[in-house]
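Thank you all for making time this morning. I would like to walk you slowly through a structure that will be new to most of you, so please have the sequence and the model open as I speak.

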Amino acid sequence: MDNHTAPVILIDDDRELLRATRQTLELAGFSVSAFATAAEALAGLDANFSGVVVSDIRMPGIDGLQLFDRVLRLDPDIPVILVTGHGDIAVAVKAIKDGAYDFITKPFAADRLAQSVARAAEKRRLVMENRALRESAEQAQDGLPLIGQTPAMERLRRTLRQIADTDVDVLVTGETGSGKEVVASLLHRWSRRAKGNFVALNCGTLPDTVIESELFGHEAGAFTGAQKKRIGRIEHSSGGTLFLDEIESMPVSTQVQMLRVLEMREVTPLGTNEVRPVDLRVVAAAKVDLGDPGQRGAFREDLYYRLNVVTISIPPLRERRDDVALLFFYFAERAAARFHRPVPVVPASVHRHLGQHDWPGNVRELAHFAERFVLGLEEAAQASLSASAETDDAGSLPERLERYEADVIRETLGRNDGDVRRTIEALGIPRKTFYDKLQRHGIVRSDFSR
């Protein structure tokens, strides 16, 4: 949510001042709901409110301090800015100590209020973003992709429990779809840092020009386009856990700065010389073996060793085939409950596919397959099942070539995380031909996407 689309609830019993203040905030880009009484404002306010409350202190009926107390009980993370007269400054200072975001004395400059609301909106955005991440993690039900009875999964769960409540940095390795982010979120939830923020950043999806600002934050005017201050992901994760996915994609210049953050436990936002200490725990994830110089590429060796205090390796599905059927039925039951329909009878062709397919998209691919099975979307699935039901040396030459082509496309999609452009370049075929072949072989590209 951009700060300047954040909703603002404004309360003042002085209707002229209410109208003028509303106009000031709307000109600054905020969406303002104005009320002459606190009771009216409270009627439409709940813990899901994603913006900022601005209120005068002296009002008939419910005054600003009583309003603040009620908002605090609704959700202590909703920012409340109090507007005061000079005689109320001591009262406002006490409110700040009790959790109010800011107070502004009358008369005030328009930009003073707008700046305070912008900072408060940024704080609320981060809170709401973190809640969404937390809810997603809770929906994972204690490690959804970590379900399994094989010795490898039992060892993995035991290791996570052992290291979760330590502050060591962790490097997680595993193929696309194997559950690296779930491992990171479990390490957070099972630790004493669980009350802090779980902050995730995918280093492979951000341009080099953006990643430093996202990680370290910036001051207004730090670079072209930086119109307002932004709290970086590192600072926002202080006291919680910072998850850096696809760390092998981090630009070399950013790696140097990240190494300093890990060594010094402090961060300097762009555009300032201010050094801010951070209580940091980093969980980094990579799709390649950073310990292998051939796979590490441009990734700094010293940063690898700094991150590699503990390494967790998630085995791919093809190395724990005894878990595939268990996972499939779990995902099918979950999909059936979500789509309000029964789990269909599983035919022999599906059982064969579960046992023979290599699952390059791992748990994510298996979950998508189970959902399509429950929804009865069998035309595309059966095309791939019929191929896997045959042995490699069965059928005519054209049939064998078709199966080989489908396997090559799946393998290339898996290696490139479902990215169409990279897959097409690797296969050396036109885009239209690629999509035609996906349809013919019943391959669903999203099964391989991150």
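Before anything else, a word on pairing, which we will need in a moment: two strands pair if DSSP finds at least two bridges between them. Please also keep in mind that what you are looking at is a predicted model.

With that in hand, let us begin with an open sheet of 5 strands, whose order is β2-β1-β3-β4-β5 and whose pairing is parallel. At the edges stand β2 (31-35) and β5 (102-105), and each has a single partner strand, so one side of each is left without a neighbour in the sheet. On average, and with direction ignored, neighbouring strands here are turned by 20° against each other.

Within this sheet, strand β1, residues 7-11, pairs with strand β3, residues 52-56, in the parallel sense over 4 bridges, and if you look for L10 you will find it opposite V54 in β3. Towards the edge, β4 and β5 also pair in the parallel sense over 4 bridges, with L82 standing opposite F103 in β5.

Which side chains of β5 are buried, and which are not? In a regular strand, side chains alternate between the two faces of the sheet. Along β5 we see that alternation, for D102 and I104 point to one face and are buried, whereas F103 and T105 point to the other and are not. Packed on this sheet is helix α4, residues 89-97, which touches β4 (80-84) and β5 and whose direction makes about 165° with that of β5.

Let me move on to another sheet, again an open one of 5 strands with parallel pairing, in the order β7-β8-β11-β6-β12. Its edge strands are β7 (198-202) and β12 (310-313), each of which pairs on one side only, and the twist from one strand to the next averages 20°. Between β7 and strand β8, residues 241-245, the parallel pairing runs over 5 bridges, and the bridge partner of F198 in β8 is T241. Helix α6, residues 151-164, lies across β6 (170-173) and β12, and runs at about 150° to β12.

Now to the interior. In soluble globular proteins, nonpolar side chains tend to be buried together. The largest nonpolar core in this model has 27 residues, and those with the most contacts inside it are L215, I234, L244, I247, M258 and V282. Among the elements that give two or more residues to this core are β7, β8, α8 (208-216) and β11 (282-286), while its largest share, 4 residues, comes from α10. If we leave aside residues up to four places away in sequence, V282 touches D169, V170, L242, L244, M258, L262 and L307. There is also a second, separate core of 22 residues, which includes I163, V172, L186 and V283.

Finally, how do helices α18 and α19 pack? Helix α18, residues 420-427, meets helix α19, residues 431-441, at an angle of about 100°, with the axes 10 Å apart, and the two are therefore roughly perpendicular to each other. On the α18 side the contact is made by V420, T423, I424 and L427, and on the α19 side by R431, F434 and Y435. Sorted by class, this contact has 5 nonpolar, 1 polar and 1 charged residues.

Methods
Residues numbered from 1 in each chain as written. Predicted model: local features only at pLDDT ≥ 70, side-chain atom pairs only at ≥ 80, totals over all residues. Heavy atoms only, no water. Axes fitted to C-alpha atoms, helices over the stretch in contact; angles between N-to-C directions. Parallel < 35°, antiparallel > 145°, perpendicular 65-115°, else oblique. Contact = heavy atoms within 4.5 Å. Nonpolar A, V, L, I, M, F, W, Y, C, P; charged D, E, K, R; others polar. Core = buried A, V, L, I, M, F, W, Y, C linked by side-chain atoms within 4.5 Å. Buried < 20%, exposed > 50% of the residue type's maximum accessible area, 1.4 Å probe, protein only.
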